[in-house]
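Please open the structure in your viewer and keep the selection tool at hand. The tour below proceeds stop by stop, stating what to select and what is found there.

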Amino acid sequence: IASSEDETLVPDFAAPWTGASFFLDGRLGELYDVNAQWAFQIEAVRNAAPSWFVSPPHVALLYTPLAFVSFNTAALIWTAFSILCIAISVRLLEPFAPRLFREHRIVTILILVSSFPIFELLGAGQQSALTLLLMVGGVRLVLADQQGWAGVVFALGAIKPQLFILVPF
């Protein structure tokens, strides 16, 4: 059992980074091989526990730019990107509660960003900030009667198909 100083700060990010590293190294045949993933993560990530890449294959391609740098650097970039996604999502959400944002802007934003899901997604390196941005952006485009662009944005949600499958309905 690894001690707390041996554990990575963003364990969930290890999965897509592993998939992207396999894609970059031409190891597509091992993309879903849990033994190959774990061996790679022991060496490159130093995870205390495995984080399996189980996403659709195109997710490995999307994360490939982050596989050009070390895991820690990629995790830092991903965390900064997640914070940016959250900030943009909050801004896009404002029209859904205009009075709340107008009269209680600071408190509303503080409550939103201090919730457990935000801490969990930033602390674990999850994709939730990106999927939130895609969902809110897609809804805003639909409401603006930009159906084509909304379709493009919702299609990007295929990184988490279980969250976007009901959007057409």
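**A guided tour**

Begin by selecting R27, which is partly exposed, with a relative accessible area of 23%; buried means under 20% relative accessible area, exposed over 50%, and partly exposed in between, for a 1.4 Å probe and protein chains only. This is a predicted model, in which local features need pLDDT of at least 70 and side-chain atom pairs count only at pLDDT 80 or more, while totals for chains, interfaces and linings use all residues. Residues are numbered from 1 along each chain as its sequence is written, and side-chain values use heavy atoms, with hydrogens and water left out.

**R27 and its partners**

Add E30 to the selection. The side chains of R27 and E30 form a salt bridge with an N to O distance of 2.7 Å; the term denotes a side-chain nitrogen of Lys or Arg within 4 Å of a carboxyl oxygen of Asp or Glu. E30 is partly exposed, at 28% relative accessible area. Now add F22: R27 lies over the face of F22, at 4.0 Å from the ring centre. A charge is placed over a ring if NZ of Lys or CZ of Arg is within 6 Å of the ring centre and within 35 degrees of the ring normal.

**The aromatic rings**

The structure holds 10 aromatic pairs. Rings of Phe, Tyr and Trp (its six-membered ring) pair if their centres lie within 6.5 Å; planes under 30 degrees apart count as stacked, over 60 as edge-to-face and the rest as tilted. Select F13 and W78: their ring centres are 5.9 Å apart and their planes stand at 20 degrees, so this pair is stacked. F13 lies in the segment before helix 1 (14-24) and W78 in helix 4 (residues 71-93), so the pair ties together parts that are 65 residues apart in sequence. Helices are DSSP runs (H or I, at least four residues), numbered from the N terminus. Both F13 and W78 are buried.

Next select F22 with F40, an edge-to-face pair with 5.4 Å centre to centre and 80 degrees between the planes. F22 belongs to helix 1 and F40 to helix 2 (residues 34-44), so this pair ties together parts that are 18 residues apart in sequence. F22 and F40 are both buried. To view the wider group, select F13, W17, F22, F40, Y63, F71, W78 and F81, which form one aromatic cluster.

**Further salt bridges**

The structure holds 4 salt bridges. Select R91 and E94, whose side chains meet in one of them at 2.6 Å, N to O. Is each partner buried or exposed? R91 counts as exposed at 52% relative accessibility, whereas E94 counts as buried at 10%. Add R105, since R91, E94 and R105 are linked in a network of salt bridges. Then move to R99 and E103, where the closest N and O atoms of the salt bridge are 3.5 Å apart. R99 and E103 both lie in helix 5 (residues 98-113), 4 residues apart, about one turn of the helix.

**Two loop residues**

Select R46, in the loop between helix 2 and helix 3 (57-63). R46 has a positive phi of about 65 degrees although it is not a glycine, and it is exposed at 53% relative accessibility. D145 sits in the loop between helix 7 (128-143) and helix 8 (147-156). The phi of D145 is also positive, at about 60 degrees, although D145 is not a glycine. Most residues other than glycine have a negative phi.
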